[in-house]
Amino acid sequence: MNSSKILLPGGAGLVGQNLVARLKAKGYSNIVVLDKHRENLAILKQTQPDITVEYADLAEPGEWQRHFVGADVVVMLQAQIGGNDYQEFVRNNVDATALILEQVKRHNIPRLIPISSSVVVSVADDFYTNTKKDQERMVIDSGIPCPILRPTLMFGWFDRKHLGWLSRFMKKVPVFPIPGHGRYLRQPLYVGDFSNIIISCIENPQINGIYNISGHENVDYIDIIREIKRATRASTFIVKIPYRLFYALIWTWSLFDKNPPFTTQQLASLSAKDEFEVIDWPGIFGVPYTPFAAAINETFNDPEYSKIVLEF
């Protein structure tokens, strides 16, 4: 049993839920999760009842800051990924980061692991990209030695957005629409592998610097959809529709849903033609790569975690 105190701001989301499961499997017992999503905190408490979870708005000073006392590791996971309100991105990606970095310095916490994003080297220009760039710059300017991890699009257990949402949508509709030709290059990263990379950073404090963590297979968007259909045994028909029509449908959806699962900005990012650096992270971090098809199968068919879905 490892009693190191690991603090996870924003730890009730996709990466946090997966990371906690894998930390527990490796014998870590003193885990504290701070998050402002009550429903997802409840799910985490249900699946991992022996860890500490607390509601916290990390963009505002508060009682949550007491948990930094005695922490050995802070894994900075909080992020606003989707939505149409720019101020929400600023609060969760920038304001919260400032307060967390302040606490790390104040309490001389020996290990900080901030989770950045591949979008900081993307050609995309949207709320998420711009605020994640600001966030990473703040971490660098803080002068705190740390590994900065830049993952690409992630999928895995507990996926409420991205591939998880696509799989649930696929089961509900007879026809699954694909924007345009569907040949948009993706480098999806299995969150199980990424969680193990974070654990490697926890256990190897000499690892510092910036790392672009991409999936090791280039997969077109339409082939991702086909692989999900295969793994989930969905009966929907996959149909290509004109890009402009798809855009119009997403835009119309956003008029009725203030937190849509897919936005016009994300659609633009999908077709931005980004190709991210692929490094030898299996060698650097000692983490084996899970092949895409095997990871998709584990995501949707794991007996313990595949049926648990987080809230938006």
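**Buried residues, helices, cores and a pocket in the predicted model**

Gln187 is located in the loop that joins strand 9 (185–186) to strand 10 (189–190). The structure described here is a predicted model. With a relative accessible area of 6%, Gln187 falls under the 20% limit and is therefore buried. Beyond its neighbours within four places in sequence, Gln187 is in contact with Thr152 and Leu153, with Ser214, Gly215, Glu217 and Asn218, and with Glu275, Phe276 and Val278.

Tyr190 belongs to strand 10. Its relative accessibility is 4%, so Tyr190 likewise counts as buried. When residues up to four places away in sequence are not counted, Tyr190 touches Arg22, Phe155, Gly156, Trp157, Thr290, Ala295, Glu298 and Thr299. Of these contacts, Arg22 is one of the buried residues of helix 1. Tyr190 and Ser116 are separated by 74 residues in sequence, and their C-alpha atoms lie 16 Å apart in space.

Helix 1 comprises 12 residues (residues 14–25), for which a rise of 1.5 Å a residue predicts a span of 16 Å; the end C-alpha atoms are 17 Å apart, in agreement with that value. This helix is mostly covered, 10 of its 12 residues being buried. The buried residues are Leu14, Val15, Gly16, Gln17, Asn18, Leu19, Val20, Ala21, Arg22 and Leu23. After helix 1 comes Gly27, which has a positive phi near 100 degrees.

Helix 7 also has 12 residues, and the distance from its first C-alpha to its last is 17 Å, close to the 16 Å expected at 1.5 Å a residue. Buried positions in helix 7 are Tyr221, Ile222, Ile224, Ile225, Glu227, Ile228, Ala231 and Thr232. Arg233, just after helix 7, adopts a positive phi of about 60 degrees.

The largest nonpolar core contains 36 residues, of which Val75, Leu149, Ile198, Ile213 and Phe285 touch the most other members. At least two residues of this core are supplied by each of strand 1 (6–9), helix 1, strand 2 (31–35), helix 2 (38–47), strand 4 (73–76), helix 6 (191–203), strand 11 (209–213) and helix 10 (281–285). The greatest contribution to this core, 7 residues, is made by helix 6. Apart from this core lies another, of 25 residues, which includes Ile178, Tyr221, Ile224 and Leu310. Tyr221 and Ile224 are among the buried residues of helix 7.

The surroundings of Leu149 were examined in further detail. Its contacts, leaving aside neighbours within four places in sequence, are Ile113, Pro114, Ile115, Ser116, Ser117, Phe194, Ile197, Ile198, Cys201, Tyr211, Ile213 and Phe285. Among these, Ile198, Ile213 and Phe285 are, with Leu149, listed as core members that touch the most others.

The second largest pocket holds about 260 Å³ of space. Its lining consists of 19 residues, and those nearest the centre of the pocket are Ser167, Lys171, Phe300, Ser306 and Lys307. Helix 5 (162–172), helix 7 (221–232) and helix 11 (292–301) each provide at least two lining residues. Helix 5 accounts for the largest share of the lining, with 4 residues. Classified by side chain, the lining comprises 7 nonpolar, 7 polar and 5 charged residues.

Definitions and conventions: Residues numbered from 1 in each chain as written. Predicted model: local features only at pLDDT ≥ 70, side-chain atom pairs only at ≥ 80, totals over all residues. Heavy atoms only, no water. Expected span 1.5 Å × (residues − 1). Buried < 20%, exposed > 50% of the residue type's maximum accessible area, 1.4 Å probe, protein only. 1 Å grid on protein atoms, 1.4 Å probe; cavity = no way out; pocket = protein on both sides within 12 Å on 5 of 7 lines; lining within 4 Å. Points joined across faces, edges and corners; volume = space filled by probe spheres on them. Nonpolar A, V, L, I, M, F, W, Y, C, P; charged D, E, K, R; others polar. Core = buried A, V, L, I, M, F, W, Y, C linked by side-chain atoms within 4.5 Å. Contact = heavy atoms within 4.5 Å.
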